[in-house]
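Student: I would like a close look at one part of this model, namely its aromatic pairs. Please describe how the rings are arranged and where they sit.

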There are 2 protein chains.
Amino acid sequence: MDKPQRRSQESDEGLMPLALKRVGIDTYRENVAYLHRECDLYRAEGFQALAKVEVGANGRRILASLNVVDDEAIVGHDQLGLSEEAFASLGMPEGQPVCVSQAEPPGSIPALHRKINGERLTRRDFRAIVQDVAERRYSKIELTAFVVACDLGEMDREEVFYLSDAMARVGRQLDWHEHPVVDKHCIGGIPGNRTSMLVVPIVAAHGSLCPKTSSRAITSPSGTADTMEVLARVDLPFAELNELVRTHRGCLAWGGSSDLSPADDVLITVERPLSLDSPGQMVASILSKKVSAGSTHLLLDIPVGPQAKVRSMPEARRLRKLFEFVAGRMGLTLEVVITDGRQPIGRGIGPVLEARDVMHVLMQHPESPQDLRQKSLQLAGRMLEFDPDVRGGDGYGIARDILESGRALEKMRAIIRAQGETPFDPEAPPLAPLSFEVMAPQDGVVIAIDNRRLARVARLAGAPKAKGAGVDLLACIGDTVTAGQPLYRVYASYRNERNAAHQCCDCDNGFTLGEAAAIAPLNVEGR
Amino acid sequence: MDKPQRRSQESDEGLMPLALKRVGIDTYRENVAYLHRECDLYRAEGFQALAKVEVGANGRRILASLNVVDDEAIVGHDQLGLSEEAFASLGMPEGQPVCVSQAEPPGSIPALHRKINGERLTRRDFRAIVQDVAERRYSKIELTAFVVACDLGEMDREEVFYLSDAMARVGRQLDWHEHPVVDKHCIGGIPGNRTSMLVVPIVAAHGSLCPKTSSRAITSPSGTADTMEVLARVDLPFAELNELVRTHRGCLAWGGSSDLSPADDVLITVERPLSLDSPGQMVASILSKKVSAGSTHLLLDIPVGPQAKVRSMPEARRLRKLFEFVAGRMGLTLEVVITDGRQPIGRGIGPVLEARDVMHVLMQHPESPQDLRQKSLQLAGRMLEFDPDVRGGDGYGIARDILESGRALEKMRAIIRAQGETPFDPEAPPLAPLSFEVMAPQDGVVIAIDNRRLARVARLAGAPKAKGAGVDLLACIGDTVTAGQPLYRVYASYRNERNAAHQCCDCDNGFTLGEAAAIAPLNVEGR
């Protein structure tokens with residue numbers, strides 16, 4: 001109560017504003033302010049290093065962590081430095097007079113403490129926390145505390161709804177003024193699996209509105225946005241994306257800059273380094289974005305397999321029910337398909353290799369991977385059935401017709417041109433120059449493929465940063481191989497990355513060979 | 001398994017070492033490394049901003065978070081910059097060739113994930129985590145995840161023992177080669193309450209060995225080390241501290257630099273901004289330090305009161321039992337006293353004011369606060385009874401004799417001289433220049449004093465940074481006051497701090513006046 005008055009007192013006492021300086025340090029999604037130790041303001045206020053300060057000028061304000069500087073080459077006594085992103089975010093020129101004050105602690109901190117103590121939070125609590133998170137009022141420490149406190153099985157499904165709803169409301173919200181607006185999403189964990197790049201053109205060619213946005217890889221060797229970037233620009237300004245969807249009924253662009261779930265963009269900065277992906281956070285992250293994007297119908301793909309994110313049918317069913325409950329509360333029509341996650345989908349793992357697979361399927365190339373084609377047609381068929389004019393059971397046939405008639409390829413080319421085409425020849429994909437093959441050590445049948453191992457090999461080889469790096473599969477579950485026959489080929493750009501991938505394969509190549517009878521049963525279900 | 005080999009591969013390929021540069025930025029207990037974006041190493045390795053890197057030279061290594069720099073005035077293409085503390089910690093001259101590589105993830109991360117998932121950890125898990133924490137291998141995010149995961153009632157008492165034991169073992173461990181080695185500790189939360197500064201001289205004058213170290217304020221207006229610093233130097237090198245204790249049988253120095261519980265020093269950096277102080281972490285933090293310091297006997301003070309850390313007797317008993325269990329497993333003899341925490345102990349709150357109170361008690365000044373004197377004699381008496389030659393029940397009388405004979409004052413003066421005396425006259429304490437009084441708004445009896453409110457007023461007034469700032473109490477529970485009579489006086493160094501404290505008092509001065517019958521019963525017990 002007294003703090004705001006205190007601040008006005010300080011300005012009454014006439015502490016001089018400081019001159020803004022851009023400090024050429026990239027601190028990655030963490031605003032840092034630099035203040036000289038001998039600066040009058042620092043001495044008078046006695047800020048602590050790493051304290052959160054509020055920097056304001058001309059009615060604009062940002063929050064930043066304070067670093068104290070002893071070198072005038074970095075900032076002078078009468079300057080306030082801001083790291084690259086902070087400088088851009090304040091959006092003022094160098095030399096601009098700025099005011100700096102101790103930031104108020106975020107108002108939702110008491111609610112955070114109650115969550116840490118294991119209490120159930122109210123809808124209002126979640127709204128307050130999510131608002132503060134989205135406005136970047138939380139420090140990394142507070143963000144982590146929130147994410148971990150919510151992770152420990154401490155959120156009931158009503159709370160997951162509160163969190164999802166708060167996350168959907170805090171960002172931009174789209175309204176397409178038509179119905180249905182369809183979308184699909186896969187919870188991830190399966191290398192390759194670029195079904196969106198086939199489903200979107202098929203569904204959009206049919207005429208359904210599908211304003212899907214895609215993500216970049218977080219811990220995987222490629223995300224849809226990384227793979228699509230091989231073919232077209234994916235980082236489009238919001239207005240352009242919007243226009244594109246209205247014209248073409250769909251797009252394949254990166255959703256990161258569209259501000260649909262700003263709280264999620266912030267939470268991910270701590271979830272990612274901790275590899276945290278609890279059911280509650282997964283549901284809130286996915287559903288909040290879909291609702292903000294204006295979707296009315298969602299098809300959700302949950303792959304199950306020994307090295308997938310979800311490892312058993314009971315776990316998949318539990319997750320499905322949580323998704324269904326929260327989607328229902330949010331007014332979103334949800335269909336869940338539980339799919340085969342025992343091995344990668346498609347041949348390629350890594351942006352260029354996956355783009356080649358997708359284009360092969362669209363072009364009906366004889367070498368196109370049939371598993372990717374089949375799964376995409378099934379998903380697209382289910383999505384087409386969201387259209388009230390499509391009879392239940394007819395979706396798959398319609399999807400196949402759209403693919404086989406070339407209309408899906410035509411739609412894909414239109415989307416690529418609209419986003420900004422990058423020349424790409426699927427017959428001569430720009431693969432990374434250093435490659436090696438991994439051979440079967442003995443005769444046998446492929447009875448298991450370790451998704452995580454192959455993803456790790458592709459990452460070590462440089463994917464997704466090196467677009468042409470990755471793994472090209474030459475055998476899949478059920479294939480009979482002979483000793484010395486290649487199982488897959490690895491592509492890398494740099495010697496050290498090739499060596500790292502090679503050592504990883506030498507240690508465990510991810511393939512299990514044995515008797516055909518030992519193949520685990522498929523064990524999946526639709527709904 | 002493959003990673004170490006990878007590193008050696010990289011050096012085989014001859015990436016040039018970089019020249020070390022000291023970057024004058026103080027990043028407060030977080031090592032930061034600065035690398036230019038155009039640096040060959042950065043481009044080849046593709047480090048991510050904020051990634052953890054290992055910087056090595058001449059067999060020394062440190063871990064640091066990476067900031068990417070675009071300004072050659074900060075670091076050049078062939079340089080590696082280190083923030084102040086990181087530079088000091090590597091301990092190499094500028095220009096020294098250094099190698100930089102991606103840091104291996106800490107080996108205990110899988111155990112951390114199991115804790116986040118709510119699993120019970122083994123003794124070996126806790127040792128691995130604590131080792132990594134102490135070596136600063138954990139990021140702030142990982143530290144927070146550990147602290148929060150352990151906070152959610154997710155540690156059973158066996159795990160608290162594992163954690164305490166691991167924390168005691170990871171740092172330096174002292175052995176005084178005699179028995180008993182006595183210590184006292186208060187769990188905190190009561191303003192004033194500088195009993196250690198009386199208990200240590202009394203116990204040391206008796207001849208018991210008391211190698212107590214003290215802490216600085218974290219969220220309070222003063223810690224024992226802050227108050228003692230008014231009288232003497234408290235930041236002593238370890239060897240000197242050791243020698244001093246052997247000579248004088250006790251000391252009153254800051255324990256922060258003695259490396260007795262390095263993991264605790266790191267954990268506190270996230271516990272503090274979150275105001276986390278769970279029973280498990282409190283027990284581990286306190287007992288690990290006492291055991292490392294070579295104590296065999298500990299007297300623990302748990303104050304109880306409506307605004308103390310522990311608010312009820314059942315809560316105090318639960319905490320006592322946890323302390324007793326863990327101390328027992330660690331081989332430490334523990335006595336717990338549960339004391340009156342309904343109001344501050346002593347008159348002054350803030351370093352100079354508290355130092356005045358302590359010296360007044362030692363000098364038997366007529367104005368010395370009797371509550372501080374009584375409590376200190378009781379605690380000292382219990383500690384004296386750790387001496388096998390002192391009969392049960394005789395401790396208090398011996399303590400009083402030591403105080404009244406002037407031997408405690410004499411011992412205090414010896415300790416002050418040995419640590420490095422700062423001139424101080426308790427009759428003319430160097431108080432902060434700006435003061436105001438807070439008056440009783442009506443006639444009545446003081447029935448309650450809000451510890452937290454008074455601590456907040458003292459903090460806003462500038463304590464402990466401004467040594468002379470704080471609150472001087474002029475009334476306590478049970479006193480009859482008349483309207484306009486001063487309840488306390490506030491001292492501040494700066495106008496803005498005085499104003500902030502004033503507004504805080506205007507809003508709620510922390511005193512409750514009423515009928516004498518409304519005073520809450522004392523409700524405490526010894527054992």
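Tutor: What follows concerns the aromatic pairs, with a short addition on charges that sit over rings. The model is a predicted one. Over all chains, the count comes to six aromatic pairs. One of these joins Phe126(A) and Tyr162(A), whose ring centres are 6.4 Å apart. Their planes meet at 45°, so this pair is classed as tilted, since the tilted class covers angles that are neither under 30 degrees nor over 60. The pair links distant parts of the chain, 36 residues apart: Phe126(A) belongs to helix α5 (residues 123-134) of chain A, and Tyr162(A) to helix α7 (residues 157-170) of chain A. Both partners fall under the 20% limit for burial: Phe126(A) is buried at 0% relative accessibility, and Tyr162(A) is buried at 14%.

In chain B, the rings of Phe161(B) and Tyr162(B) also form a tilted pair, with planes at 45° and centres 5.9 Å apart. Phe161(B) has a relative accessible area of 3% and is therefore buried; Tyr162(B), with 14%, is buried as well.

Returning to chain A, Phe126(A) and Tyr162(A) are joined by Phe161(A) in one aromatic cluster.

Aromatic rings of chain B also have charged partners. The charged end of Arg172(B) is placed over the ring of Phe238(B), 3.4 Å from the ring's centre. Arg216(B), in turn, lies over the face of Trp254(B), where the distance to the ring centre is 5.0 Å.

Conventions. Residues numbered from 1 in each chain as written. Chains lettered and ligands numbered in written order. Predicted model: local features only at pLDDT ≥ 70, side-chain atom pairs only at ≥ 80, totals over all residues. Heavy atoms only, no water. Phe/Tyr/Trp six-rings, centres within 6.5 Å; stacked < 30°, edge-to-face > 60°. Helix = DSSP H or I, 4+ residues; strand = E, 2+ residues; numbered from the N terminus. Buried < 20%, exposed > 50% of the residue type's maximum accessible area, 1.4 Å probe, protein only. Lys NZ or Arg CZ within 6 Å of the ring centre and 35° of its normal.
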